[in-house]
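Subject: Structure handover

Hello,

Here is the structure I promised to pass on. My notes follow below it.

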Amino acid sequence: MLNTEPNIPAPDDFYQDLIELHRDLTDEQSALINAKLILLLANHIGDSAVLRDAMRAAREDMTRLPRGEGQG
Amino acid sequence: MKTYTSPVYPYVRPAELSGGATRHWPVIVAGAGPVGLTAAIDLAQRGIDVLVLDDDNTVSVGSRAICWSKRALEILDRLGCGERIVQKGVKWNVGRVFFRDEQVFDFNLSPDAGHRRPAFINLQQYWVEQLLVERVGELSQAELRWRNKVVGVAPQADRIVVRVSTPDGDYAVQADWLIVADGARSPIRGMLGLESEGEVFHDRFLIADIYMTSDFPPERWFWFDPPFHRNQSALLHRQADHVWRVDFQLGWDADPEEEKKPERILPRLKAMLGDKVEFEIEWASVYTFQCRRMLSFRHGRALFAGDAAHLVSPFGARGANSGIQDIDNLAWKLELVLEDLAPQTLLDSYDVERAFAADENILATTRSTEFITPKGKASRTFRDAVLMLAKRHPFARRLVNSGRLSVPAILRDSPLNTADAAGAAFGGAMAPGTPAADAPVTGPRGDWLLAYLEDGFTLLAFGAEVPADAVASLARDAIPVTVVQVGGPPTAGARRIEDREGMLATRYDARAGTCYLFRPDQHVCARWRAFDLARLRAALALATGQIAIVQKAAA
């Protein structure tokens, strides 16, 4: 069962680390780092049901993404 | 070619063209490729007259199947031609995968000790066909007709009529059953108005055989994005007679006619092998790959096998190997149906079981093809991410997919299986639907278990578990069962082997009293913790299509 209750220690620190991870990277490099991070974390979790739940959660609400500037 | 001269097989004017009635055969096989030839051998060994028709008069031309799997070799052993193929071929176990200029991992397919055959041997398809033709020639009940081309097929209620064209004119012949092994484009599939559905992979590959006396080890080397072939993949693998197979991925936009030219190929090879290596090109062509299958492999009296039934991309060596396994599955069922010992509906289980295996092979090769030739940016990003992680992180190596090499399907949901009884508590991997694992033994037929699982049903009993009167009774049944006893005091009528290293009992999770019933294709169909003649006969009836699935629950 995917846990989406707060579970990250020092969440603002984590968030900043995540943004910093991408500093000065090209879009292509960022995409690669994100993919590697997904794979590393997926392996660490190692639970197929949780991984599938996470993919489902990631796929939700995609139609409500902003389509361009000023539509946030 | 430097290393091989294709045989030219004689065309013989068929007797049918000199007048006389249309002859009736139990089985006609259309196509003398590896699958059609395997069918001819298996059926002839079973005492069935078989006619094989091929529109050509030689073996396969060019660079086609090369990796013959352990299961295929075991089947060819049963068909009396495994050893000659293994002797001519090149054993290999190690593969290496490179990303850019570094090796990211290696694997060793070598099965645990205690199997007769290696994971794979490599041998050019034309050699395998030549050796299979030789074996067919040793069997008087198989007749092979070259330059006999099937031009029409007319199924009827009680037979199938085949029209054949030869240099001397056309004739008709008929059979109870037609095995259609006429390859990927299957003219007979078209004649019957049947489809094979799937997808084409949008990429092109240069496939070449080169002659090279070098010190490269007989390992499968696969490169992603190497310096000598940027942004594409490449493969190098050794075959017999110093012939090496080379693949270069070219991309969808490559021009096949241009890329086949020596002036295009030579620089690629020099870049891959280095300037000092001498080589000659024996054959080169450009291919696209696809995955397809027919909805059903049985169409009345026509039974489709090999590429005619299902097509896969070559990554993983699941093409010819699965076609040979198709025949392993089909021939014993045809024998029983021809002898009126099983209903024709038993042949529907061929479709059920082999379509299941085909789907497994299609899934595996589609996944490999996606990894090798990713569709879309996201797929490519993940593919490259896996390769980048593989050098340092073991989990990522497991995700690298340059081909999941062929293993036989486990027919776990087959309607012919008898489920384990509750409480039988079997561990290990030998559940019903699994092809027999080999093991070292001592006995009158030599040192390997599989030699004792011959062309009929076999009961492997651990200890002197089966009384002599039951052994005798099973030998006299319409569908006889041979009893092979492992250890214990000898029993009259039973073969006896010793589990020389204890691996047999370990692999089969066997204790005294354990019994395994094997089908004629060496697949487990039932197993018990004690011998029971009535249960054995019920399992046999189920495995031969005599009783409906609904009765399985009574076991």
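Start at A305(B). Leaving out residues up to four places away in sequence, A305(B) touches V35(B), A39(B), I179(B), V180(B), A181(B), G323(B), D326(B), I327(B) and L330(B). Keep in mind that this is a predicted model.

**Cores**

A305(B) belongs to the largest nonpolar core, which has 83 residues. A305(B) and A40(B) have the most contacts inside that core. Helix α8 of chain B, residues 320–338, is its main contributor, giving 9 residues. There is also a second, separate core of 40 residues. Its members include Y452(B), L459(B), F462(B) and Y516(B). As a rule, nonpolar side chains in soluble globular proteins tend to be buried together.

**Chain B overall**

Chain B has 14 helices and 26 strands. For 555 residues, a compact globule would have a radius of gyration near 24 Å; chain B has 24 Å, so the two agree. Along the principal axes, its C-alpha atoms fill a box of roughly 75 × 65 × 40 Å. Of the 555 residues, 48% count as buried. Long-range contacts are plentiful in this sense: among contacts between residues at least 6 apart in sequence, 72% join residues at least 24 apart.

**Domains**

The domain assignment of chain B gives domain 1 as 15–91 + 119–194 + 294–365. Domain 2 is 449–554. Their C-alpha centres lie 29 Å apart. The two do touch: 14 residues of domain 1 are in contact with 10 residues of domain 2. On the domain 1 side, α2 (70–78), α8 and α9 (346–372) of chain B each supply at least two residues. The largest share of that side, 4 residues, comes from α8(B). By type, the domain 1 side divides into 6 nonpolar, 4 polar and 4 charged residues. Helix α8(B) therefore turns up twice, giving the most to the largest core and the largest share of the domain 1 side.**Helix α12(B)**

Which residues of α12(B), residues 468–476, are buried? They are A470(B), V471(B) and L474(B). These three cover an arc of only 105 degrees around the axis, which puts them on the same side of the helix. D469(B) and R476(B), on the other side of α12(B), are exposed. The buried residues of α12(B) pack against β23 (481–486) and α14 (533–543) of chain B.

**Helix α13(B)**

Two residues here have notes. A505(B) sits in α13 of chain B, residues 503–507. With 18 C-beta neighbours inside 10 Å, A505(B) counts as partly exposed. Leaving aside neighbours within four places in sequence, A505(B) is in contact with F462(B), D499(B) and A510(B). F462(B) is one of the residues in the second core. A505(B) and Y4(B) are 501 residues apart in sequence, and their C-alpha atoms are 45 Å apart in space.

M503(B) is in α13(B) too. M503(B) counts as partly exposed, with 19 C-beta neighbours inside 10 Å. The cut-off for buried is 20 or more. Beyond four places in sequence, M503(B) is in contact with G114(B), A439(B) and P440(B). The C-alpha atoms of M503(B) and V441(B) are separated by 8.7 Å, with their positions 62 residues apart along the chain.

**Positive phi**

Most residues other than glycine have a negative phi. D225(B) has a positive value, near 50 degrees. N231(B) has a positive value as well, near 65 degrees. Where do they lie? D225(B) is in the loop between β14 (220–224) and β15 (233–238) of chain B. N231(B) is found in the loop between β14 and β15 of chain B. D225(B) is partly exposed, with 18 other C-beta atoms within 10 Å. N231(B) is exposed, with 10 other C-beta atoms within 10 Å.

**Contact with chain A**

The contact between the chains takes 9 residues from chain B and 6 residues from chain A. On the chain B side, α10 (377–390) and α11 (394–399) of chain B are the elements that give two or more residues. α10(B) gives the most, with 7 residues. The chain B side divides into 7 nonpolar, 1 polar and 1 charged residue.

Best wishes

Terms used: Residues numbered from 1 in each chain as written. Chains lettered and ligands numbered in written order. Predicted model: local features only at pLDDT ≥ 70, side-chain atom pairs only at ≥ 80, totals over all residues. Contact = placed C-beta atoms within 7 Å. Nonpolar A, V, L, I, M, F, W, Y, C, P; charged D, E, K, R; others polar. Buried ≥ 20, exposed ≤ 12 C-beta atoms within 10 Å, placed from the backbone. Arc of directions from axis to C-beta. Rg over C-alpha atoms; globule rule 2.2 N^0.38 Å. Core = buried A, V, L, I, M, F, W, Y, C linked by C-beta atoms within 7 Å. Domains from an automatic or database assignment.
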